[in-house]
Amino acid sequence: MRFKALVLVAFACFGLSGCKWQSQPQDDLERIRESGVLRVGTLNNQLSYYIGNDGPTGLDYELAQRFAKKLGVKLEMQPMFTLSGLFPALKRHDVDIIAAGLTITPDRINAFKAAPAYYFASQVVVYKKGNWRPRKPSDLALNKGSLKIVKGSSHEKRLLQLKELYPDLVWEASDDTDSDELLRLVAAGELNFTVADSVDVALLQRIHPDIAIAMELTEDEPIAWFVNQSPNDSLYALLIEFFGDIQQSGELANLEEKYFGHVDSFDYVDTRAFLRAIEKKLPRWEALFKQYSNEFDWRLLAALSYQESHWNPRAVSPTGVRGMMMLTLPTAKSVGVNNRLDPEQSIRGGSAYLRKMIARVPDSIEEHEKVWFALASYNVGFGHMMDARRLTQKQGGNPDAWSDVKQRLPLLRQRKYYSQTRYGYARGDEALNYVENIRRYYQSIIGYEQAHSEPVQDEGIANIDGLQIIQAPQKQAVNVSGATSANEAENSSDTVQ
């Protein structure tokens, strides 16, 4: 009986210890894998995440997709419309990660852990062109206009530092708005100044060209994801590994090129003219662009046409190209166009010719970037485009990445470099400007549509406890033309011949 009692006591102790062990909290990585879902808190804006015509998109969204795939779990985006809810949600463990293009600040890294920086941006003061421009921080302290920023942002932290030097400096901090909305208020003349990240300003200038940078308040600062501090750093360690891998592979550079590689330069006059054309000219031709876009995004075809003719069906150049898509006579014949000045024939022919050019681009190039190489070929010739790829490879760059090849295109003008190529001299700088202009027009049309239309509803959206939850299944990325990415690019071992 005594032995039996001891056994019962032992089992009871084991049971109690087992219950205690089961009640111990799991670390973040274990919980994510057990639940099968990665919950990502983000901001609903032009760069991190938004619902486009083809569904969810954005730099942080695509990165989160890749990280969820690495974990082998589904992605659940939890976009918020203001910054104020993000870090409290992370602290409550309502989300696992914050991925929202946020600056690393001392306050944030005291309370949370920052993943490796994935891009850099400076803080800038923004005003509307034609109004009084503050040129140094002391000018802001003159308080000649309303200054409003997002409460709890890195911009507020910077203004608090400046206030120690300029005690008269005043501003309004709002917790019910975001940086993009404040920039729009400046563009509309309803707010004199705000502080924003340089990348956000560059993107929004495509649809609000009246906003301008008055001055920089900081040097470039690191932008990163954030996770909770934890005794077990397994999730944090995996994030470090993830960003290291995609940086080394060039995947991160390709994504950054996709989302803001086209914003290096800004032409105020051209942007204003383009936005007027979107309002007055594009509606007349939109149906034709949609009809003949086929696998392309119609807005890309429209951007190409604007670069060629400014949507003028009667356009004629001294070199003999003409029409909406400015086709040469041989090109027109090759795609069955009899009358280049007929808008429908021209748009149909331009789409067909672009398709032919893309088909020639090597399969080692990712699907969403093929169109940029095809457009460069359209402008400078296929042989010269391939020369730029060979030159890129020779200099240690990636011949399959537009971000690398576009740096070498202008070199085709210089004897030092074109003497090493098969096809010799070319106006590669013009080809680069041609492609980047089309990219800017394309993004401007997208931005204009977003600003003037109702949000696109996605069947994967649900509202739970006030949060907009996006169930994002693992899927192939959608390229710039709207077609699903092929896997050949990942698996191809093609090299530049």
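These are my notebook entries on a few features I looked up in this structure.

**Entry 1: what I am looking at**

I am working with a predicted model. I began with the aromatic rings, then moved on to a strand, a helix and two asparagines.

**Entry 2: aromatic pairs**

How many aromatic pairs does the structure hold? I found 21 of them. I reminded myself that a ring pair is described by the distance of the centres and the angle of the planes.

I picked out phenylalanine 67 and tryptophan 225, which pair edge-to-face. Their centres are 6.3 Å apart, with 75 degrees between the planes. Where in the chain do the two partners of this pair sit? Phenylalanine 67 belongs to helix H3 (residues 59-71) and tryptophan 225 to strand E13 (residues 221-228). They are 158 residues apart, so I noted this pair as a link between distant parts of the chain.

I then checked whether these two are buried or exposed. Phenylalanine 67 is buried, because its relative accessibility is 0%. Tryptophan 225 also counts as buried, at 1%.

For a second pair I turned to tyrosine 418 and tyrosine 425. Their ring centres are 5.6 Å apart and their planes stand at 85 degrees, so I wrote this pair down as edge-to-face. Tyrosine 418 is buried, with a relative accessible area of 18%, while tyrosine 425 is partly exposed at 40%.

Back at phenylalanine 67, I followed the ring pairs onward. They link Phe67, Tyr118, Tyr119, Trp225, Phe242 and Phe243 into a cluster.

**Entry 3: charges over rings**

Which rings have an arginine over them? I noted two cases. Arginine 360 lies over the face of phenylalanine 382, at 3.9 Å from the ring centre. Arginine 439 has its charged end over the ring of tryptophan 372, 5.1 Å from the centre.

**Entry 4: strand E11**

I looked at strand E11 (residues 194-197) from both sides. In a regular strand the side chains alternate between the two faces of the sheet. On one side of E11 I found Thr194 and Ala196, on the other Val195 and Asp197, and all of these are buried. Both faces of E11 are therefore covered.

Strand E8 (residues 123-128) runs antiparallel to E11, and four bridges join them. Glutamine 123 has aspartate 197 of E11 as its bridge partner.

**Entry 5: helix H13**

Which residues of helix H13 (residues 282-292) are buried? I listed Leu282, Trp285, Leu288, Phe289 and Tyr292. Looking down the axis of H13, I see these buried residues within an arc of 125 degrees, so they line one face of the helix. This spacing made me recall that an α-helix has 3.6 residues a turn, so residues three or four places apart point the same way.

Pro283 and Ala287 are on the other side of H13 and are exposed. What covers the buried residues of H13? The cover includes helix H12 (268-280), helix H14 (298-309), helix H16 (343-360) and helix H21 (428-451).

**Entry 6: two asparagines with positive phi**

Just after H13 I came to asparagine 294, in the loop between H13 and H14. Its phi is near 50 degrees, a positive value in a residue other than glycine. Asparagine 294 is exposed, with a relative accessible area of 52%.

Asparagine 143 also caught my eye, with a positive phi near 55 degrees. I located asparagine 143 in the loop between helix H6 (137-140) and strand E9 (148-150). With a relative accessible area of 30%, asparagine 143 is partly exposed.

Definitions and conventions
Residues numbered from 1 in each chain as written. Predicted model: local features only at pLDDT ≥ 70, side-chain atom pairs only at ≥ 80, totals over all residues. Heavy atoms only, no water. Phe/Tyr/Trp six-rings, centres within 6.5 Å; stacked < 30°, edge-to-face > 60°. Buried < 20%, exposed > 50% of the residue type's maximum accessible area, 1.4 Å probe, protein only. Lys NZ or Arg CZ within 6 Å of the ring centre and 35° of its normal. Pairing = 2+ DSSP bridges. Arc of directions from axis to C-beta. Contact = heavy atoms within 4.5 Å.
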